[in-house]
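User: I am new to reading helix packing. Can we go through the terms one by one?

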Amino acid sequence: MSTTEFRTAAVIGAGTIGLSWTALFAGHGLTVKVTDPRPDLAEAVAAALAEYTPHLAAQGLDVSGLADRVQLAGSVEEAVRDADVVQENGPESVEFKKDLFATLVAAAPKHALLLSSSSAIPSTAFTGELADASRVLIGHPFNPPHLIPLVEVVPGERTGEDATQAAVDFYTFLGRVPVVERKEIPGFVGNRLQNALSREAIYLVEQGVVTPEDLDKVMTNSLGIRWATVGPFLGSHLGGGPGGYRHMAEHIGPSMKKMWASLGQPSQTPEETQRLVEAVEKAYGSSTYSELADARDRKQLAVLSALDSTKEEN
């Protein structure tokens, strides 16, 4: 399937991720059909499009007539009837996805690409009983997908190579950065890295080493900047000086290995969890969710714009 054949997209599930996908798809000129059992679907879609339109415009997209490209569907079958691509955003439940994808395979056109935003469950876990799983795979975004470029493309054991390539083509067409993962693993790559860092962050706060607010300052004023530009491996390669990663591994590797052994396992008892929640609320509770999210999105757009401005230098 070429990108010129991506004309109609179905979005199954209109939570935070689904609404963000809806805006991104519409921003790239697709007709989008959205379905969700929530009673306020029309209001939620309208509010999301209004909120995200400036974000899309900042990325250089034509947002004129954006809402006209989005249609509400009363059922999954109606939403996918004419779809070229389906993006599922349902609960993280194997049983739910088994039932839903059986419906998708039966109701969607035979050429339609069937993608799941699953953040932890590999597609092989819910496609074993499908008559045809060749078009089913994971397209896991980071929240919110209309801003954060990464999409983890994870084929299952029965996914066809052509479907994997079509997914890469589709997300590239949307201006995302698709990364094909060669082996299924729970949580995929991004969330496993995030969870590893979160575990140590929780441990450090739990041990009284640092407050949640100061830990965020550590990240945003050091590793966050470095990793946003070069990532952990290139960062280490450069950290090794002219000797590169080899020098780093040979000379700093042993001390790093000792530090790994000292990394913490937070207890996360109900009492510790309550203390952590209260500490985070103390740090950020004076602002509303909307205020915090708006500040986050403005900063993320600024970072993306800065990175984009240096592309010709790479």
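User: Why are H8 and H11 called roughly perpendicular to each other?

Analyst: This is a predicted model. Helix H8 (residues 212-229) and helix H11 (residues 270-284) pack at an angle of about 70°. Angles of 65 to 115 degrees count as roughly perpendicular. H8 and H11 are therefore roughly perpendicular to each other. Their axes are 8 Å apart.

User: Which residues in H8 and H11 meet?

Analyst: Pro212, Glu213 and Asp216 in H8 meet four residues of H11: Ala279, Val280, Ala283 and Tyr284. By class, this contact has five nonpolar, no polar and two charged residues. Asp and Glu count as charged.

User: What makes H9 and H10 roughly perpendicular?

Analyst: Take the angle again. Helix H9 (residues 231-239) packs against helix H10 (residues 244-262) at about 80°, and the axes are 6 Å apart. The range for roughly perpendicular is 65 to 115 degrees. H9 and H10 therefore earn that label.

User: What classes of residue make up the contact of H9 with H10?

Analyst: Three are nonpolar, four are polar and none is charged. The H9 side has Phe233, Ser236, His237 and Gly239, and the H10 side has Gly244, Tyr245 and Met248. Gly counts as polar here.

User: How do you know that the span of H10 is close to the expected one?

Analyst: H10 has 19 residues and reaches 26 Å from its first C-alpha to its last. At 1.5 Å a residue, 27 Å is expected.

User: Where does H10 bend?

Analyst: At Ile252, by about 60°. A proline, Pro254, follows within four residues.

User: Which residues of H10 are called buried?

Analyst: Gly244, Met248 and Gly253. Buried means under 20% relative accessible area. H9 is among what covers them.

Notes
Residues numbered from 1 in each chain as written. Predicted model: local features only at pLDDT ≥ 70, side-chain atom pairs only at ≥ 80, totals over all residues. Heavy atoms only, no water. Axes fitted to C-alpha atoms, helices over the stretch in contact; angles between N-to-C directions. Helix = DSSP H or I, 4+ residues; strand = E, 2+ residues; numbered from the N terminus. Parallel < 35°, antiparallel > 145°, perpendicular 65-115°, else oblique. Contact = heavy atoms within 4.5 Å. Expected span 1.5 Å × (residues − 1). Bend = angle between axes of the 7 residues up to and from the residue. Buried < 20%, exposed > 50% of the residue type's maximum accessible area, 1.4 Å probe, protein only.
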